[in-house]
Amino acid sequence: LARMITHVNVVRVYDVGESAGRRFFTMEYVRGQTLHELIDRGGAMAVTPALQIAKQVCRGLAAVHKAGIVHGDLKPQNVMVLPNGVAKLMDFGVARVRTQTGTSPATAGSPLYMSPEQTRGASLDERSDIYAAGVLMFELFTGRPPFMSSDVLQIVRMHQHDRPPNPRLMRPDLPETLGRIILACLEKSHLQRPATASDLERLLIRVRP
């Protein structure tokens with residue numbers, strides 16, 4: 001699936017094959033740090049650079065979705081940030097063609113970033129990745145995910161039933177429009193989220209730090 005995508009904001013997979021009975025793939029080498037490492041070291045990012053990363057994540061997602069693929073595991077650990085500020089999506093280990101049925105949370109994805117429908121093992125579309133983008137942005141701008149627990153099942157229940165906190169309660173300097181965009185991505189019903197990654201990017205472009 002990943003070989004189908006050629007975009008500056010997606011780590012490129014070049015080839016897959018087999019040699020002496022061992023399967024392999026080759027991919028673009030990216031010198032940088034994961035978004036998780038940046039947040040873990042520095043906490044919530046300043047609004048302007050964080051917006052630039054969020055918009056690049058949207059552009060990468062749009063390319064993934066244009067290829068008919070749902071990433072299924074969007075999270076800070078799967079976003080590489082280069083020294084020049086370019087962000088790239090990676091790790092298509094649980095990606096699937098859009099028409100395929102989802103799998104259970106025990107076998108695919110990361111519970112902290114799963115959409116409600118993904119936690120139920122339902123069929124997924126682009127708006128499941130939009131939800132994960134909302135979780136990622138929440139963490140990017142506040143330094144922590146919206147739902148946290150040492151109990152994985154409790155996190156799953158939170159995604160399914162609990163309203164996320166307003167990120168501006170944790171960080172009052174966030175623009176009000178940005179808070180509304182993040183919460184829109186975290187709607188329980190996929191129909192109430194931004195329809196596409198391009199739509200989400202257009203909303204982020206309007207945010208004034």
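**Entry 1: ground rules**
A helix, for my purposes, is a DSSP run of H or I with at least four residues, and helices are numbered from the N terminus. I used that to place Glu126, which sits in helix H4. I should also jot down that this is a predicted model.

**Entry 2: Glu126**
Is Glu126 buried or exposed? I looked up its relative accessibility and got 19%. Buried means under 20%, so Glu126 counts as buried. I then checked how far Glu126 is from Glu18. Their C-alpha atoms are 32 Å apart, and along the chain 108 residues separate the two.

**Entry 3: the cavity**
Next I went hunting for enclosed space. How many cavities of 30 Å³ or more does the whole structure have? The search turned up one. The largest cavity holds about 50 Å³ of space. Helix H4 came up again here: spanning residues 126-142, it gives three residues to the lining, the largest share. I wrote down some of the lining residues, among them Ser128, Asp129 and Ala132. Others on my list include Gly72, Asp73, Leu74, Tyr113 and Gln118. By class, I get five polar, four nonpolar and two charged residues around that cavity.

**Entry 4: the pocket**
Then I turned to open space. The largest pocket has a volume of about 210 Å³. Which elements give two or more residues to its lining? They are strand S1 (13-19) and strand S2 (22-27). The lining includes Val13, Val16, Phe25 and Met27. Leu1, Ala2 and Arg3 are in it as well, and so are Met90, Asp91 and Phe92. What classes make up this lining? Nine residues are nonpolar, two are charged and no polar ones turn up.

**Entry 5: a nonpolar patch**
Some pocket names came back when I looked at the surface. Val16, Phe25 and Met27 form a nonpolar patch there, and together they have about 290 Å² of accessible area. I picked Met27 for a closer look. Met27 belongs to strand S2. Its relative accessibility is 40%, and partly exposed covers the range between 20% and 50%, so Met27 counts as partly exposed.

**Entry 6: salt bridges**
Last job: charged pairs. Side chains of opposite charge can pair when their charged atoms come close. How many salt bridges are in the whole structure? The search gave me eight, and I followed up three of them.

- The side chains of Glu28 and Lys88 meet at 3.2 Å, N to O. Lys88 is in strand S6 (residues 87-89) and Glu28 is in the loop between S2 and strand S3 (33-34), so this pair ties together parts 60 residues apart in sequence. Lys88 has 6% relative accessibility, so I marked it as buried.
- Arg193 and Glu117 make a salt bridge at 2.7 Å, N to O. Glu117 is in helix H3 (residues 116-119), while Arg193 is in the loop between helix H7 (176-185) and helix H8 (197-205), so this pair links parts 76 residues apart in sequence. I checked both Glu117 and Arg193, and both are buried.
- Asp173 and Arg171 pair up through their side chains at 3.0 Å, N to O. Arg171 has a relative accessible area of 14%, so it goes down as buried too.

**Entry 7: note to self**
I want to keep two linings in mind. Around the pocket I found nine nonpolar residues and no polar ones. Around the cavity I found four nonpolar and five polar residues.

How values were computed: Residues are numbered from 1 along each chain as its sequence is written. This is a predicted model: local features need pLDDT of at least 70, side-chain atom pairs count only at pLDDT 80 or more; totals for chains, interfaces and linings use all residues. Side-chain values use heavy atoms; hydrogens and water are left out. On a 1 Å grid over the protein atoms alone, a cavity is a set of points where a 1.4 Å probe fits but cannot get out, and a pocket is an open set with protein on both sides within 12 Å along at least five of seven lines; lining residues have an atom within 4 Å of a point. Grid points are joined across faces, edges and corners, and a volume is the space filled by probe spheres set on the points. Ala, Val, Leu, Ile, Met, Phe, Trp, Tyr, Cys and Pro count as nonpolar, Asp, Glu, Lys and Arg as charged, and the others, Gly among them, as polar. A salt bridge is a side-chain nitrogen of Lys or Arg within 4 Å of a carboxyl oxygen of Asp or Glu. Buried means under 20% relative accessible area, exposed over 50%, partly exposed in between (1.4 Å probe, protein chains only). Patches are made of residues with over 30% relative accessible area and no salt bridge: like charges are joined within 9 Å, nonpolar side chains (Val, Leu, Ile, Met, Phe, Trp, Tyr) within 5 Å. Accessible areas come from the Shrake-Rupley method with a 1.4 Å probe; for residues, only the protein chains shown count as cover.
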